[in-house]
Amino acid sequence: MESYQTWFGEGPEMSVLRMLGLFDRPAGEKALGALLKSPAIPGLTESLTDLSQIEWRTIVAKLRRARLLADEDPLDPGHLDTHPLVREYFGEQLRSQQTDAWKECNRRLYHYYRTLAPQLPNSFREMEPLFSAVICGCNAGLFREALHEVYIPRIQRGNTYFVANVLGARGALLLVLAHFFEHGRWGSPMETAVEGQSLTAEDELFILMQAGSYLTAARGLAAPEARICYERAEPLCHSLGRPLLLCVALTGQWRYSLHTDKLTATMRIAERIHSLAQEQNDAALMIEAYRALAVTLYCSGDFETAQQYATRAVQTWRSGNIQPNTENPLTPVVVCLCYGAGSEWHLGEMASCQATIAEAISLAKELNDMNALAIALAWAAGLAANERNPAEVDRLASELIELSTRHNFVYWLASGAIWRGWARSASGDTTEGIPWIEQGIRDFRATGTTPQMPIWLALKAEALHLADRTSEALEAISEAEALAERFEQRSFCAQLHRLRGVFLAAVGADETQIEASLCAAINIAKEQKSISLAKSAEATYAGYLKQKESGSGGRGFQLPLW
């Protein structure tokens, strides 16, 4: 690039290349016109302003002969395009060495793009100029204007959050929102020297909550960037007296803790949310608090109390016209229905369990909350697996994968892959099923989530056992047990002990080890009041004792996996 720069010198050709560095796609004739209009931009367009068509074409022809511009597009002859590396090199040069010119270019493009789109676009294609307008506005230092004149009223349409909730384009929103923050630092809003364009505390709180919500939706429930946003938002909520948003910020921290930390730490945050809700005496906040307590208690193995809090949340929801908080990436009542269904399964209330999870799916669809629908589908798959219905698990996994692919939900996409792999393995096709599970686990680890790994490792262990790879299954169970202990996740402990007993029996291990595992499964299930897990563990133990008494074990006992 330097050799080209030396060859052309600081002439009009270099100015053209630097202007093209402002775009991430072919530059349109009208967009270039906005940059080239009078008055000239000092240090950039003096040699280009007021050129004749012949003079302009001569400059463009020189660049094309040097292979620095793409050939003319016969369908769009006024557009100019170049290689991404050329665009990046000269664009960065303009930004770093001619900052005033770079900002003026972005200011002009901001005004051009904001007038290019309809006032209220109804499709992603129509919305794209407004995305570009906000990005250019931020680059020009016009943060407050870009936020209040374009992003809030035209992109998100106020509290309807149009692009997120109707178009489902959360990834595009994240790309736009990133320009309100210092590069690579989601918790640090940008500052500007442009008079009247600095973000107020209210503005900062707004963009932090927006970013936290969409980072969670797009990058998973353990996204550290989302945690940073919510932690930065908390003191702003206090100083501005915004208890509802404080609850959302605390909930974001609680969600991150749930997927990365020990449950004792998670419970402390859940209790803070509950205390705040009680202080405010607000029904919507109480639903948030009940959700946090229900989920945390469920993960700790207290299914009875978890069901009580989940039920309170649902009853509160049904008691009045409570609108879901649009800053929350998951509608809490849907989550409570899911964990309520899980608790009902443990407590032996099978009919109620099926009705509850069906309501969760229906409500998520009614609210058009795709994240909530994803968690409901994932829970439905898990409950179908508990009932050993691989065909239903496979169907639900397919729905979850399709939904997650469409909305770029990396967390739920990994979950869907694991459930599909388990369903295929349980149906007899471990050759196809195990790779699905292993890929899903790799993707799940990549999201940063660790405490929920025991259940996925247990599903992998079941598939390995079905493939006659029981020694590997035992290794997976050992890893799952270590993680469950480390993060205090007890909801699946009884099942892990039962599976260990089944696998130990299959490899002909010492009888005391087998019995210790199966008895531990029974005791834990009873302690947790899990009727379903206790019944399963007792049946497995009875089958073991029967084979042992009959002497039919040989080198190992073939106990039913389910």
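**Salt bridges, helices and unusual backbone sites**

Arg 272 and Glu 234 form a salt bridge in which the closest N and O atoms lie 2.7 Å apart. Because Arg 272 belongs to helix α14 (residues 263–280) and Glu 234 to helix α12 (residues 224–240), the pair ties together parts that are 38 residues apart in sequence. The two partners differ in their cover: Arg 272 is partly exposed, at 37% relative accessibility, whereas Glu 234 is buried, at 14%. The model described here is predicted.

The wider setting is a helical chain, with 27 helices and zero strands. Along its principal axes, the C-alpha trace spans about 100 × 55 × 35 Å. Of the 562 residues in the chain, 56% are buried.

Side chains of opposite charge can pair when their charged atoms come close. A search of the whole structure finds 31 salt bridges. One of these links Glu 392 with Arg 395, again with the closest N and O atoms 2.7 Å apart. Both residues sit in helix α20 (residues 390–407), three residues apart, or about one turn of the helix. Glu 392 is partly exposed, with a relative accessible area of 26%, and Arg 395 is likewise partly exposed, at 40%.

A further salt bridge joins Glu 527 to Arg 490, the closest N and O atoms being 3.4 Å apart. Glu 527 lies in helix α26 (residues 511–527), while Arg 490 occupies the loop between α24 (470–487) and α25 (493–506), so this pair ties together parts that are 37 residues apart in sequence. Glu 527 is exposed, with a relative accessible area of 58%, and Arg 490 is partly exposed, at 31%. Elsewhere, Asp 24, Arg 25 and Glu 128 are joined into one network by salt bridges that share partners.

Helix α25 itself has 14 residues and reaches 20 Å from its first C-alpha to its last, close to the 20 Å expected at 1.5 Å a residue. This helix is mostly covered, since 13 of its 14 residues are buried. Gly 508 follows α25 and has a positive phi, near 70°.

Charge also gathers on the surface. A patch of negative charge there consists of Glu 29, Asp 71, Glu 72, Asp 73 and Asp 76. Within this group, Asp 76 is placed in the loop between α4 (53–65) and α5 (84–97). Asp 76 is partly exposed, with a relative accessible area of 32%, and can belong to the patch because membership requires over 30% and no salt bridge.

The backbone remains to be considered. Most residues other than glycine have a negative phi, and most peptide bonds are trans. Arg 67, in the loop between α4 and α5, has a positive phi, near 65°. The residue is exposed, with a relative accessible area of 68%. Lys 529 also has a positive phi, near 60°, and is found in the loop between α26 and α27 (531–550). Its relative accessible area of 45% makes Lys 529 partly exposed. Finally, the peptide bond from Ser 38 to Pro 39 is cis, with omega near -5°. Pro 39 is located in the loop between α3 (29–36) and α4.

Note on methods
Residues numbered from 1 in each chain as written. Predicted model: local features only at pLDDT ≥ 70, side-chain atom pairs only at ≥ 80, totals over all residues. Heavy atoms only, no water. Patch = residues over 30% accessible without salt bridge, like charges linked within 9 Å, V, L, I, M, F, W, Y side chains within 5 Å. Areas by Shrake-Rupley, 256 points an atom, 1.4 Å probe, with all protein chains shown as cover. Salt bridge = Lys/Arg side-chain N within 4 Å of Asp/Glu carboxyl O. Lys, Arg positive; Asp, Glu negative; His and termini not counted. Charge placed at Lys NZ, Arg CZ, Asp CG, Glu CD. Helix = DSSP H or I, 4+ residues; strand = E, 2+ residues; numbered from the N terminus. Buried < 20%, exposed > 50% of the residue type's maximum accessible area, 1.4 Å probe, protein only. Expected span 1.5 Å × (residues − 1).
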